[in-house]
Amino acid sequence: MLSKHERTNVLIEALPYIKRSLGHIIVVKYGGSVMLNDSLKQNVVDDIIFFSCIGLYPILVHGGGSKINFWLSKLHIEPIFRNGIRITNNVTMEVVEMVLTGKINKELVTLININGGNAVGLSGKDGSLILSQPLDIEKMGFVGNIVNVNTKILSLLISNFYIPVIASIGYDQHGQTYNINADLLASRIAVALNAEKLIFLTDMPGILLDINNLATVIQTLDVNEASQLEKKGIISGGMIPKVHSCVNALKHGVAFAYVIDGRVPHALLSTVLTKNYYGSMLLSRKTR
Ligand SMILES: Nc1ncnc2c1ncn2[C@@H]1O[C@H](COP(=O)(O)OP(=O)(O)OP(=O)(O)O)[C@@H](O)[C@H]1O
Ligand SMILES: [Mg+2]
């Protein structure tokens, strides 16, 4: 139990962090892997509302891998991944769009709004947000590359203090729908809007040196170290697009990128408003 004095200190210690981030955009990728626990989901929503209340501009981009798998299994469709990206045929594309935009996006928007926030849900089709093209139709099906992120609708929303909640669905000029990796989308949005921070909430304690040893979290790594780890196969599966996204964001002016443990209550708040973060921080270059 904190004393009265300690409580006041907690608030005052947050002041420099609030001042630094005031008026800045924070893009959060909320992984489907950490959406299954309701109390943790409530924590994430509270943190996002907290940011919005103190004058930061949070944008939430969400995944939904496990829920998509759940609905695919009802149709007896086996999910197939290549380098952490879901191979997407016609039926899978329909399920992905329904689950992401119809279910997860609306659940998150509702949760934010009934807790006093002001969220608006979007997919890449709304406001022409994400123009896509196929990555490799033969090998990956309707997995989309991001051709353009049209930030007009996002700027309009955040300048009116709405919290955009984005499902990673894109489309092309013929109206074809694409499954966009939410990690890559979060990074592109962070770059396009000149965000201060890009934060990935996932189901691991951070980026691990040894995936079988949870105590091997890499606290800080730079862009070069990250590509070495990928070459050595230490970063694999769903961690690959996350690390690529961090590297891309840092190379294009985002100041801070993190992969943090979404299973820790209020890990997001801690990363933004204290000196502690639960996971890995990626830097452009380490100062030695
Ligand atoms: N070096 C590593 N350190 C930590 N995790 C790793 C590493 N290499 C691979 N991974 C894998 O990356 C996974 C995280 O990516 P995953 O795509 O599953 O989750 P997510 O992106 O949070 O969720 P979603 O894709 O549903 O939005 C971990 O569960 C882990 O198995
Ligand atoms: Mg993923």
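These exercises work through the pockets, the cavity and the ligand site of a predicted model.

**Exercise 1. Place ligand 1 and describe the space that holds it.**

Step 1. Find the site. Ligand 1 sits in the largest pocket.

Step 2. Size the site. The volume of the largest pocket is about 770 Å³.

Step 3. List the wall. The lining of the largest pocket has 38 residues. Nearest its centre lie Lys29, Gly84, Asp183, Gly238 and Lys242.

Step 4. Assign the wall to elements. At least two lining residues come from each of helix H3 (65-74), strand E4 (85-86), helix H4 (90-114), helix H7 (182-192) and H9. H3 gives the most, with 4 residues.

Step 5. Sort by class. The lining of the largest pocket splits into 16 nonpolar, 17 polar and 5 charged residues.

**Exercise 2. Characterise the shell around ligand 1, and state which of its residues come nearest.**

Step 1. Count the shell. There are 21 residues around ligand 1. Ser33, Gly65, Thr202, Ile234 and Lys242 come nearest.

Step 2. Sort the shell by class. It has 8 nonpolar, 10 polar and 3 charged residues.

Step 3. Pick out the polar contacts; the cut-off for a pair of N or O atoms is 3.5 Å. Thr202 offers a side-chain N or O atom at 2.7 Å from an oxygen atom of ligand 1. Asp203 places a polar side-chain atom 3.0 Å from an oxygen atom of the ligand. Ile234 uses its backbone: an N or O atom there lies 2.8 Å from a nitrogen atom of ligand 1.

Step 4. Gauge the cover. On its own, ligand 1 has 640 Å² of accessible area, and the protein covers 81% of this.

Step 5. Name the contributing elements. Strand E11 (197-202) and helix H9 (239-251) each give two or more residues to the shell.

Step 6. Link shell and pocket. Lys242 is among the residues that come nearest to ligand 1. Lys242 is also among the residues nearest the centre of the largest pocket.

**Exercise 3. Describe the second largest pocket: what is its volume, and which helix gives the largest share of its lining?**

Step 1. Take the volume. It is about 430 Å³.

Step 2. Locate the centre. The lining has 17 residues, and Val10, Glu13, Ala14, Leu273 and Thr274 are the closest to the centre.

Step 3. Name the elements. Helix H1 (4-21) and H10 each supply two or more lining residues.

Step 4. Rank them. H1 provides the largest share, 8 residues.

Step 5. Sort by class. The lining of the second largest pocket comprises 9 nonpolar, 5 polar and 3 charged residues.

**Exercise 4. State how many cavities of 30 Å³ or more the structure holds, and analyse the lining of the largest cavity.**

Step 1. Count. The structure holds 1 cavity of 30 Å³ or more.

Step 2. Size it. The volume of the largest cavity is about 40 Å³.

Step 3. Read the lining along the chain. Leu40, Asn43, Val44 and Asp47 are part of it. Leu201 also lines the cavity. The list continues with Gly262, Val264, Pro265, His266, Ala267 and Leu268.

Step 4. Assign elements. Helix H2 (38-53) and helix H10 (267-273) each give at least two residues. H2 supplies the largest share, 4 residues.

Step 5. Sort by class. The lining of the largest cavity has 7 nonpolar, 3 polar and 1 charged residue.

Step 6. Relate the two sites. H10 helps line this cavity. H10 also gives residues to the lining of the second largest pocket.

Technical notes. Residues numbered from 1 in each chain as written. Chains lettered and ligands numbered in written order. Predicted model: local features only at pLDDT ≥ 70, side-chain atom pairs only at ≥ 80, totals over all residues. Heavy atoms only, no water. 1 Å grid on protein atoms, 1.4 Å probe; cavity = no way out; pocket = protein on both sides within 12 Å on 5 of 7 lines; lining within 4 Å. Points joined across faces, edges and corners; volume = space filled by probe spheres on them. Nonpolar A, V, L, I, M, F, W, Y, C, P; charged D, E, K, R; others polar. Near = heavy atom within 4 Å. Polar contact = N/O pair within 3.5 Å; in protein donor to acceptor, adjacent residues only side chain to side chain. Areas by Shrake-Rupley, 256 points an atom, 1.4 Å probe, with all protein chains shown as cover. Sits in = over half its atoms within 2 Å of the grid points.
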